[in-house]
Amino acid sequence: MVRIIGIDPGLRNTGWGVIAQDGTRLSYVADGTLHSDAGKPLAERLLELHAQLIDVIREYQPDEAAVEETFVNTDARATLKLGQARGALMLAPAILKLPVAEYAPNTVKKAVVGAGHAEKDQVKHMVRLLLPKAMMRTADSTDALAVAICHAHYRGSQKLADVLARS
């Protein structure tokens, strides 16, 4: 059995979700949202998110991590800050020696719903079907569970690709 933590990065709110994979069977473990104080300097906010994620990883002991890639929009400053938050969040599992996979938002949607341009409600519905016991406490944690589900679907093919790349 493998435990996977999915991470949906955000500077204000970062969703996380932990699932267990036993063969093709997926089960819900936990989910939640990390928060940073918008009144603090950027560096302190990044540290808050990083420290909170370290605590979550230590509590739930996942074996692997999956992070959603940054969605680039027209606001370059917002995209840059999101990228910085994502980097601080990716360091947490890396420091704790977990492999970290990255997935584009459309890849996550396609893995969970079957369509890369699915709506948030469709993703939530499929997460509920795949993980019937999931709490899905916030939209961010629901997205993080979707990232974890995506990784569960792709992790075998990623390992094969890694092996082939090394040979």
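Biologist: Which residues touch the most other members of the largest nonpolar core?
Modeller: Ile-19, Val-127, Leu-131, Leu-145 and Ile-149, out of 24 residues in that core (buried Ala, Val, Leu, Ile, Met, Phe, Trp, Tyr and Cys joined through side-chain atoms within 4.5 Å). This is a predicted model, with local features needing pLDDT of at least 70, side-chain atom pairs pLDDT 80 or more, and totals for chains, interfaces and linings using all residues. Residues are numbered from 1 along each chain as its sequence is written, and side-chain values use heavy atoms, without hydrogens or water.
Biologist: Which element gives the most to this core?
Modeller: H5 does, with seven residues. At least two residues each come from strand S1 (2-8), strand S3 (25-35), strand S5 (100-103), H3, H4 and H5 (DSSP runs numbered from the N terminus: helices H or I, at least four residues; strands E, at least two).
Biologist: And what does Ile-149 touch?
Modeller: Beyond four places in sequence, Ile-149 touches Ile-19, Leu-26, Val-112, Val-127, Leu-130 and Leu-131 (heavy atoms within 4.5 Å).
Biologist: What does the second core include?
Modeller: That separate core has 21 residues, including Leu-53, Ile-57, Leu-89 and Leu-98.
Biologist: Switching to Gln-21: buried or exposed?
Modeller: Buried, at 11% relative accessible area (buried is under 20%, exposed over 50%, partly exposed in between; 1.4 Å probe, protein chains only). Gln-21 is in strand S2 (residues 13-22).
Biologist: Which backbone oxygen does its side chain reach at 3.3 Å?
Modeller: That of Gly-23. A polar atom of the Gln-21 side chain also lies 3.1 Å from the backbone oxygen of Ala-152.
Biologist: What else does Gln-21 touch?
Modeller: Leaving out residues up to four places away in sequence, Gln-21 touches Met-1, Val-2, Ile-4, Leu-26, Ala-152 and Arg-155.

Notes:
A polar contact is a pair of N or O atoms within 3.5 Å; within protein, one must be able to donate a hydrogen and the other to accept it, and residues adjacent in sequence count only if both atoms are side-chain atoms.
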